[in-house]
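Q: Please take a close look at the empty space in this model. I'd like to know what lines it and what sits alongside.

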Amino acid sequence: MDNDRKEKTFILLKPDAVQRGLTGRIIARFEDKGLKIIAAKLVQVTREQAEKHYGVHKGKRFFESLVEFITSSPCLALVLEGRNAIKLCRRIMGSTDPMDSEPGTIRGDFSLDVKHNLIHGSDCPDSYAHEVQVYFTPEEILNYRLELEGWIYYA
Ligand code: DAT
Ligand code: MG
């Protein structure tokens, strides 16, 4: 069943999240929900990485400004794992334009501009597969069990 799938998602806390000192509060929301951090790295994103990551948006009006923004200052790259993690993280993040994001979501609570929307999260398993290899080597993604897992999942 879709809801029971244990999956991984790629999350990037953008330069505004790092500069504004929001990384801890954002990560806490995912941890509070029961997601597990399996990789984490502070990165100065290169133009090459940014263009690869956001390749699907190449040619769009905002592409250049997005690449410029994401490379302007360090980002915090994460891989999170948990039940239905891709869809779940997108819900916790809120919709792309913070003016439409629900209060209670990360973007809804902490941002108000579509460019400065704090966070990226994979939108499907294929996007995850593409994005994760832009930022992490396979050895940097760890496989371990949280002692509390049995209290979060029935499995
Ligand atoms: P999301 O980040 O929710 O997956 P997306 O993939 O459609 O959204 O766009 C990637 C990023 O590009 C988004 O987080 C912010 C920027 N962006 C999207 N639409 C934009 C717009 N209309 N104007 C400026 N920036 C935009
Ligand atoms: Mg996207």
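A: About 50 Å³ of space lies in the largest cavity, and the structure holds one cavity of 30 Å³ or more. On a 1 Å grid over the protein atoms alone, a cavity is a set of points where a 1.4 Å probe fits but cannot get out, while a pocket is an open set with protein on both sides within 12 Å along at least five of seven lines; lining residues have an atom within 4 Å of a point. Grid points are joined across faces, edges and corners, and the volume is the space filled by probe spheres set on them. This is a predicted model, where local features need pLDDT of at least 70 and side-chain atom pairs count only at pLDDT 80 or more, but totals for chains, interfaces and linings use all residues. Residues are numbered from 1 along each chain as its sequence is written, chains are lettered from A and ligands numbered from 1 in the order written, and side-chain values use heavy atoms, leaving out hydrogens and water.

The cavity wall is made by Lys6, Gly34, Leu35, Lys36, Glu81, Gly82, Leu146, Glu149 and Tyr153. That splits into three nonpolar, two polar and four charged residues (Ala, Val, Leu, Ile, Met, Phe, Trp, Tyr, Cys and Pro count as nonpolar, Asp, Glu, Lys and Arg as charged, the others, Gly among them, as polar).

Tyr153 turns up again in the second largest pocket, where it lies nearest the centre along with Lys33, Arg83, Asn84 and Leu88, out of twelve lining residues. Strand E3 (75-83) and H5 each give two or more residues to that lining; helices (H or I, at least four residues) and strands (E, at least two) are DSSP runs, numbered from the N terminus. H5 has the largest share, three residues. The pocket holds about 250 Å³, and its lining divides evenly into four nonpolar, four polar and four charged residues.

Lys33 and Leu88 also belong to a helix contact: Arg29, Phe30 and Lys33 in H2 meet Leu88, Cys89, Ile92 and Met93 in H5, with contact meaning heavy atoms within 4.5 Å. By class, that's five nonpolar, no polar and two charged residues.

And the largest pocket? It has a volume of about 570 Å³ and is lined by 24 residues, with Tyr54, His57, Phe62, Leu66 and Thr96 nearest its centre. Helix H3 (47-53), helix H4 (63-70), strand E4 (119-121) and helix H7 (125-135) each give two or more residues to it. Its lining has six nonpolar, ten polar and eight charged residues.
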